[in-house]
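Hi,

Here is the structure I promised to pass on to you. Have a look at it first, and then read on for what I found.

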Amino acid sequence: MFVVGRYVAAMFFRSRVFVDSLVEPFFPTTCVRCGGEGGSPCASCREDFTPAHPVGDLPGLDAVVGLVAYDDVSRPFVADLKYRGKWATARAFAPALAFLLEDCVGNEGPLPVLTWAPTTPQRARQRGFDQAEVIAREVGRHSGRPVRNLLNRCPGEHQTGRSRRERASGISFLPRGSTGGLVVVFDDVVTTGATLRAAARALRSGGASAVVGVALAATPRPSNA
Ligand SMILES: [Zn+2]
């Protein structure tokens with residue numbers, strides 16, 4: 001009896017772990033910011049967000065938009081995505097990001113291709129995911145737009161062929177293959193804009209005729225650093 005009881009308890013524990021691991025990423029009930037029930041972000045935290053769009057002009061980009069201001073309200077959600085790879089967080093924001101994207105690029109003309117500004121390979125390996133890719137994939141899934149991996153991030157020490165500004169920022173990308181038309185590049189946060197500028201430069205050298213940057217969170221006015 002004791003053995004059976006322990007067996008059942010173990011089964012129960014295993015199935016609970018399984019169910020939690022399956023359900024929790026898709027239907028989080030606890031808000032990462034306030035601990036309240038009803039999703040992350042919960043309804044009351046959603047009301048606290050400050051809209052961040054439009055972000056401002058960045059060289060090489062036709063438009064840059066952010067969904068929310070990068071502040072004390074949005075920071076816990078960005079961190080949840082960035083350090084814990086919460087697809088649910090990206091999924092929660094995907095409808096709003098898709099709406100922002102429609103607003104920015106419109107419904108006419110050729111379909112834009114969605115891509116992302118990849119994090120460093122070391123960081124992606126350590127964390128097991130790339131938060132900018134998670135955002136792009138979720139928005140693509142929600143909007144039915146194609147998502148392609150169009151950029152390789154250059155290792156920090158590789159300086160050849162980079163502009164002075166890129167060497168100063170330490171961020172540069174190389175295009176993977178070529179694509180014409182409009183490319184929308186996603187990132188989690190835009191602060192200085194150095195990442196999006198470097199991404200836009202590589203995308204244009206790969207054939208993109210227009211580049212739009214979309215970030216989940218943005219500082220209201222990126223400096224020119
Ligand atoms: Zn909340």
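I started with T89: setting aside the neighbours within four places in sequence, T89 is in contact with F77, D80 and L81. Please keep in mind throughout that this is a predicted model.

T89 sits in helix α4 and is buried, with a relative accessible area of 2%. The side chain of T89 also makes a polar contact with the side chain of D80, at 3.3 Å. Another residue to look at from here is I135: T89 and I135 are 46 residues apart in sequence, while their C-alpha atoms are 8.9 Å apart in space.

The three contacts of T89 take us to helix α3. The buried residues of α3 are F77, V78, D80, L81 and K82, so F77, D80 and L81, the contacts of T89, are among the buried residues of that helix. What do the buried residues of α3 pack against? The list is α2 (43–48), α4, α5 (121–127), α6, β5 and β6 (210–218). After α3 comes G85, which has a positive phi, near 60°.

Now for the charged residues, where eight salt bridges are counted. I picked out three of them for you.

- K82 with D188: the closest N and O atoms of this salt bridge are 3.0 Å apart. D188 belongs to strand β5 (residues 182–190) and K82 to helix α3, so this pair ties together parts that are 106 residues apart in sequence. Both partners, D188 and K82, are buried.
- R91 with E138: here too there is a salt bridge, with the closest N and O atoms 3.0 Å apart. This pair links distant parts of the chain, with R91 in helix α4 (residues 87–105) and E138 in helix α6 (residues 131–143), 47 residues apart. E138 is buried, with a relative accessible area of 2%, whereas R91 is partly exposed, at 27%. R91 and E138 are also linked with R141 in a network of salt bridges.
- R75 with D72: the closest N and O atoms of this salt bridge are 2.6 Å apart. D72 is exposed, with a relative accessible area of 60%, and R75 is partly exposed, at 34%.

Two aspartates deserve a separate look. D71 is in the loop between β1 (63–69) and α3 (75–84). Why does D71 have no salt bridge? The nearest side chain of opposite charge, R75, is 6.5 Å away, and a salt bridge needs a side-chain nitrogen of Lys or Arg within 4 Å of a carboxyl oxygen, so R75 does not qualify as a partner for D71. D71 is nevertheless buried. What D71 does have is a polar side-chain atom 3.1 Å from the backbone nitrogen of S74. R75 itself has its salt bridge with D72.

The other aspartate is D130, found in the loop between α5 and α6. D130 is likewise buried without a salt bridge, and the nearest side chain of opposite charge is R153, 7.2 Å away. With the same 4 Å limit, R153 is therefore too far away to count as a salt-bridge partner of D130. Which backbone nitrogen lies 2.9 Å from a polar atom of the side chain of D130? That nitrogen belongs to T119. T119 also appears among the contacts of D130, which, leaving aside neighbours within four places in sequence, are W116, A117, P118 and T119.

Finally, the metal site. A zinc ion is coordinated by the SG atoms of C31, C34, C42 and C45, at 2.3 to 2.4 Å. Along the chain, these donors follow the spacing C-x2-C-x7-C-x2-C. Is the site tetrahedral or irregular? The angles among the four donor atoms run from 99 to 116°, and the site is tetrahedral. For reference, the ideal angle for four tetrahedral donors is 109.5 degrees. As for burial of the donors, C42 has a relative accessible area of 5% and C45 has one of 1%, and both of these cysteines count as buried.

If you open the model with one residue in view, try T89 and follow its contacts to F77, D80 and L81.

Best wishes

Definitions and conventions: Residues numbered from 1 in each chain as written. Predicted model: local features only at pLDDT ≥ 70, side-chain atom pairs only at ≥ 80, totals over all residues. Heavy atoms only, no water. Helix = DSSP H or I, 4+ residues; strand = E, 2+ residues; numbered from the N terminus. Buried < 20%, exposed > 50% of the residue type's maximum accessible area, 1.4 Å probe, protein only. Lys, Arg positive; Asp, Glu negative; His and termini not counted. Polar contact = N/O pair within 3.5 Å; in protein donor to acceptor, adjacent residues only side chain to side chain. Donors = N, O, S within 2.8 Å, 3.2 Å for Na, K, Ca; no water. Tetrahedral: all angles 85-135°; square planar, octahedral: opposite > 155°, others 65-115°. Contact = heavy atoms within 4.5 Å.
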